[in-house]
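Thanks for coming. I will take a few minutes to walk through one structure, and you can follow along on the screen.

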Amino acid sequence: MHAIIEIGYLIATLSFLGGLKFMSSPKNAKTGNLIAAMGMVLAVVLTFIAAVSATVPYINLIIMLLAIAIGTVIGKRVSDKVEMTGMPQLVSLFNATGGGCAMLLGLVEANQMELATVILGNQILLIAGLVTGAVALTGSIIAERKLAGKVKDRRSKTVIISARLLLGLLFLLPVLYFFGIIPIGFTAFMYVLSLIAMIYGVLFVLPIGGADMPVVISLLNSITGIATAFAGFVYGNKAMIAGGIFVGAAGILLTLLMCKAMNRSLMKVLAGTFKKSKNGQVEEEQEIKEISISETALSLSFAQKVAIVPGYGLAVAQAQHICGQLQQLLEKRNVEVNYIIHPVAGRMPGHMNVLLAEANVDYSRLKEMEEGNENMAQYDTVLVIGANDVVNPAAENNPDSPVYGMPIIRTHESKQVIVMKRSMGKGYAGVQNDLFGLDNCSILFGDAKSSLLEIVNQLKLI
Ligand code: NAP
């Protein structure tokens with residue numbers, strides 16, 4: 001039985017690896033997700049079988065079954081209900097459960113270790129898993145609350161200094177404990193550590209804000225992975241070790257990629273130093289040109305080459321399907337249509353790719369930012385649908401702007417830009433967009449879905 005379980009864990013591990021590989025292309029991402037999920041189901045079943053064959057008390061088996069049932073029902077219901085725009089919050093909550101799980105394992109195992117003689121290395125692993133898990137638990141909950149707009153950024157000195165002090169304690173206390181300077185039992189010590197780590201998780205995330213939140217979520221995801229790997233070492237469970245390492249590595253890579261796409265250093269993100277517009281800075285008055293639905297439809301139909309730049313507003317409006325229809329309609333009229341995708345458009349990496357995949361947009365139509373920028377001058381019309389920060393020329397021209405340095409899609413270099421938005425509302429970074437006042441830019445006010453629907457209807461008549 002032991003050999004079968006080990007082989008099963010190996011298959012589960014390989015499926016995580018295969019799943020990740022498939023997820024590296026949007027086309028195969030769904031399959032990748034399915035493969036990894038099947039691996040996870042296998043790992044859960046094997047763990048249950050291992051518990052049965054180890055003849056653990058019946059009550060434990062019942063608790064395990066209950067946990068599996070409750071987790072399945074809640075996971076299914078929450079995933080069914082979540083809107084695409086709420087995905088980062090959901091990911092954050094999943095992170096919190098992973099971290100909490102690692103922390104609880106640490107507490108449960110501390111009890112066992114206190115009774116038996118165990119090697120120091122295992123105790124250190126247990127502490128590492130417990131601390132990282134507790135930080136991921138509360139940090140992810142605060143991140144979710146902040147993304148939902150329920151908790152505000154707190155950048156006071158008290159918060160920042162307290163966080164640093166607690167971090168110092170998390171390193172110092174275990175050393176003192178192992179030198180016998182803290183005269184309490186291992187379990188009690190673990191409870192103290194978990195409390196400090198949970199408070200640290202809250203203070204760690206509180207000052208971070210603005211456009212940096214998705215980066216922090218990715219980092220917390222990585223921390224959860226590391227916590228799981230530590231727990232896996234304690235149990236000698238290879239699937240847990242491998243799964244944890246994959247999540248940890250993927251999370252940290254994603255974190256660094258996002259930082260690069262936003263031109264922010266990870267240290268600045270963690271220090272909570274999202275640059276704000278200078279206090280009291282008067283925003284330049286912009287002369288905005290409005291454009292109507294029929295003018296937009298005409299302009300699109302007479303163009304030879306059109307680029308669509310989607311952003312967060314496309315997700316809010318759920319306009320991806322009608323956007324796909326517009327593309328097909330234009331193509332029937334021999335207009336070449338491409339989508340130019342900014343790596344941090346929307347609220348999570350790949351957000352736009354997922355939306356467009358939902359609308360069955362052919363991947364060959366999707367161009368990366370660099371390629372789009374190289375050919376920008378060739379586009380007769382660029383339709384910006386609910387994107388704002390990622391097309392703001394201030395990122396290149398205004399060193400005082402909070403978005404300065406972020407690579408952008410240079411829509412202003414095309415012949416004509418039409419921006420679809422509901423109002424003069426700002427983007428995620430909360431800054432004025434210099435694009436809107438430029439001569440070649442017009443704004444089509446209205447909800448993206450309704451406006452696109454009307455454009456499609458007009459195009460059918462032209
Ligand atoms: P954005 O700057 O947040 O702008 C979204 C725009 O959509 C707003 O101007 C809004 O204007 C418009 N909008 C909202 N609802 C709409 C609707 N129903 N119909 C039409 N327009 C609508 O979005 P973005 O250009 O995609 O930029 C993403 C931001 O998130 C960047 O600042 C980026 O750094 C940040 N971020 C993203 C990630 C990621 O992984 N994707 C990670 C970290 C940070 P109105 O209110 O006037 O309609």
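I will go through empty spaces, then salt bridges, then a few loop residues. Keep in mind throughout that this is a predicted model.

Let me start with the empty spaces. Rolling a probe the size of a water molecule over the atoms shows where empty space is left.

How much space lies in the second largest pocket? The figure is about 880 Å³. Its lining is made up of 45 residues. If you want to find the centre on screen, look for Arg 347, Asp 389, Gly 427, Tyr 428 and Ala 429, which lie nearest to it. Two elements give two or more residues to this lining, namely helix H12, residues 312-317, and strand S5, residues 417-421. H12 gives the most, with 4 residues.

By residue type, the lining of this second largest pocket splits into 23 nonpolar, 13 polar and 9 charged. It also draws on two domains: at least three residues come from domain 1, which covers 82-271, and at least three from domain 2, which covers 293-426 and 433-461.

Now the cavities. How many cavities of 30 Å³ or more are there? The count is 1. The volume of the largest cavity is about 40 Å³. Its lining consists of Ala 102, Leu 105, Gly 106, Leu 125, Leu 126, Gly 129, Leu 130, Phe 230, Ala 231 and Val 234. The elements giving two or more residues here are three helices: H4 at 87-115, H5 at 120-147 and H8 at 213-235. H5 supplies the largest share, 4 residues. In this lining, 8 residues are nonpolar, 2 are polar and none is charged.

That is it for spaces; on to the salt bridges. The whole structure has 8 of them. I will take three.

The first on my list is Glu 6 with Lys 238, where the closest N and O atoms are 3.0 Å apart. What does this pair tie together? Glu 6 sits in helix H1, residues 2-23, and Lys 238 in helix H9, residues 238-261, so the bridge links parts that are 232 residues apart in sequence. As for accessibility, Glu 6 is partly exposed at 25% relative accessible area, whereas Lys 238 is exposed at 52%.

Next come Lys 305 and Glu 336, whose side chains meet in a salt bridge with an N to O distance of 4.0 Å. Lys 305 belongs to strand S1, residues 305-310, and Glu 336 to strand S2, residues 336-341, so this pair joins parts that are 31 residues apart in sequence. Is Lys 305 buried or exposed? Its relative accessibility is 14%, so Lys 305 counts as buried. Glu 336, with 41%, is partly exposed.

The last one I picked is between Arg 410 and Glu 413, again with an N to O distance of 4.0 Å. Arg 410 is partly exposed at 26%, and Glu 413 is partly exposed at 40%. This bridge does not stand alone, as Glu 396, Arg 410 and Glu 413 are linked in a network of salt bridges.

Finally, some residues in loops. Asn 388 lies in the loop between strand S4, residues 381-385, and helix H16, residues 394-397. This residue is buried, with a relative accessible area of 10%. What joins the side chains of Asn 388 and Asn 433? They share a polar contact of 2.7 Å.

The other two loop residues are here for their backbone angles. Most residues other than glycine have a negative phi. Thr 55 is not a glycine, yet its phi is positive, about 45°. You will find Thr 55 in the loop between helix H2, residues 29-53, and helix H3, residues 58-81. Thr 55 is exposed, at 67% relative accessibility.

Asn 334 also has a positive phi, near 65°. Its loop runs between helix H13, residues 320-332, and strand S2, the strand that holds Glu 336 from the salt bridge with Lys 305. Asn 334 is exposed too, with a relative accessible area of 69%.

That is all I have on this one.

How values were computed. Residues numbered from 1 in each chain as written. Predicted model: local features only at pLDDT ≥ 70, side-chain atom pairs only at ≥ 80, totals over all residues. Heavy atoms only, no water. 1 Å grid on protein atoms, 1.4 Å probe; cavity = no way out; pocket = protein on both sides within 12 Å on 5 of 7 lines; lining within 4 Å. Points joined across faces, edges and corners; volume = space filled by probe spheres on them. Nonpolar A, V, L, I, M, F, W, Y, C, P; charged D, E, K, R; others polar. Domains from an automatic or database assignment. Buried < 20%, exposed > 50% of the residue type's maximum accessible area, 1.4 Å probe, protein only. Polar contact = N/O pair within 3.5 Å; in protein donor to acceptor, adjacent residues only side chain to side chain.
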